[in-house]
Amino acid sequence: MNTALSIEGDDAAVHRGHATGPAGGPVPHRSLRTSIMITVRWIAVLLAAVLAPAACGVPAQDDAHPVALPRRPLNTSTASAAAEPVGEVAQVLCLIRDSRLTQTVRRFDTLLDPQRQLDQLVAGPTASEQAQGLSTALATAALTVRLPAGQTTAAVEIAEAGEGAARSDEVLAYGQIVCTLTSRADIAAVTFLRDGQPLQVPRGDGTLSSGPVRAADYRSLIGPV
């Protein structure tokens with residue numbers, strides 16, 4: 001069955017011409033021309049689909065595939081990443097060597113709060129530190145430290161129990177406390193209290209202070225590193 005299509009201009013002349021169809025009957029020339037045009041258009045569409053990814057710099061791929069994301073910085077090698085210490089935090093304690101304040105570094109699994117760091121100081125030097133000639137001038141274990149929120153001046157409470165055990169190098173003991181606590185980023189100065197009242201303590205130059213003291217007040221007592 002032949003279907004006549006409405007055409008204009010020169011196509012009317014083409015429509016009057018006939019070609020032999022599959023059944024031997026006449027086939028309109030316009031039908032043949034239309035088939036060719038459709039085929040050309042499909043070829044153009046297929047070419048555009050194939051060439052578009054290449055034009056964008058992305059190679060064409062047949063199947064979807066997973067993308068592996070990096071799990072570490074690209075400039076860090078596997079060996080160096082594995083060699084990094086994990087869970088070790090260095091914190092400073094001030095001990096005594098040859099009657100001078102000396103900083104020593106201990107490592108802990110977590111960052112110590114001010115009280116725990118002060119407890120470590122009160123406990124005295126380890127066997128290894130003693131072998132290096134380090135000692136302590138602290139003669140009391142009754143020390144409590146408070147750091148009010150939003151402030152950088154710590155308050156250290158000294159109980160009466162420590163008074164009877166005072167030593168002649170008392171200034172070094174206070175220097176140990178001050179230098180240890182102010183080694184922290186969150187503490188800039190220290191005040192000393194007894195029963196909640198300000199306590200006068202010696203500075204490195206022998207003068208007394210009832211207000212905040214800093215590491216700089218004991219600079220003359222700090223030994224060489």
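Two strands are counted as paired if DSSP finds at least two bridges between them. On this basis, the predicted model contains an open sheet of four strands. The strand order is S5-S6-S7-S8, and the pairing is mixed. S5 and strand S8 (197-198) stand at the edges. Each has a single partner strand, so one side of each is left without a neighbour in the sheet.

The pairing of S5 with S6 can be followed in detail. These two strands run antiparallel and are joined by four bridges. Within this pair, Leu143 stands opposite Ile158 in S6.

Helices pack against these strands. H6 packs on the sheet and touches S5, S6 and S7. The direction of H6 makes about 135 degrees with that of S7. H4 lies across S5 and S6. Relative to S5, H4 runs at about 155 degrees.

The strands and helices also share a nonpolar core. The largest such core in the model has 31 residues. Val156, Ile177, Phe192 and Tyr218 have the most contacts inside this core. Six elements are listed as giving two or more residues: S3, helix H4 (114-122), strand S5 (143-146), strand S6 (153-158), helix H6 (170-181) and strand S7 (189-194). H6 gives the most, with seven residues.

Val156 illustrates how these parts meet. Leaving aside residues up to four places away in sequence, Val156 touches Leu118, Leu143, Thr144, Val145, Ile177, Leu181, Val190, Thr191, Phe192 and Leu193. Among these partners, Ile177 and Phe192 are, like Val156, listed with the most contacts inside the core. Another partner of Val156 is Leu143, the residue that stands opposite Ile158.

A separate feature appears in the loop between strand S3 (89-97) and strand S4 (100-108), where Asp98 lies. Ser99 lies in the loop between S3 and S4 as well. Most residues other than glycine have a negative phi. Asp98, although not a glycine, has a positive phi of about 55 degrees. Ser99 is not a glycine either, and its phi is positive at about 60 degrees. Are these loop residues buried or exposed? With a relative accessible area of 66%, Asp98 is exposed. Ser99 is also exposed, with a relative accessible area of 53%. Both values can be read against the cut-off for exposed residues, which is over 50%.

Definitions and conventions. Residues are numbered from 1 along each chain as its sequence is written. This is a predicted model: local features need pLDDT of at least 70, side-chain atom pairs count only at pLDDT 80 or more; totals for chains, interfaces and linings use all residues. Side-chain values use heavy atoms; hydrogens and water are left out. Buried means under 20% relative accessible area, exposed over 50%, partly exposed in between (1.4 Å probe, protein chains only). A nonpolar core is a set of buried Ala, Val, Leu, Ile, Met, Phe, Trp, Tyr and Cys residues joined through side-chain atoms within 4.5 Å. Contact means heavy atoms within 4.5 Å. Axes are lines fitted to C-alpha atoms, for helices over the stretch in contact, and angles run from 0 to 180 degrees between N-to-C directions.
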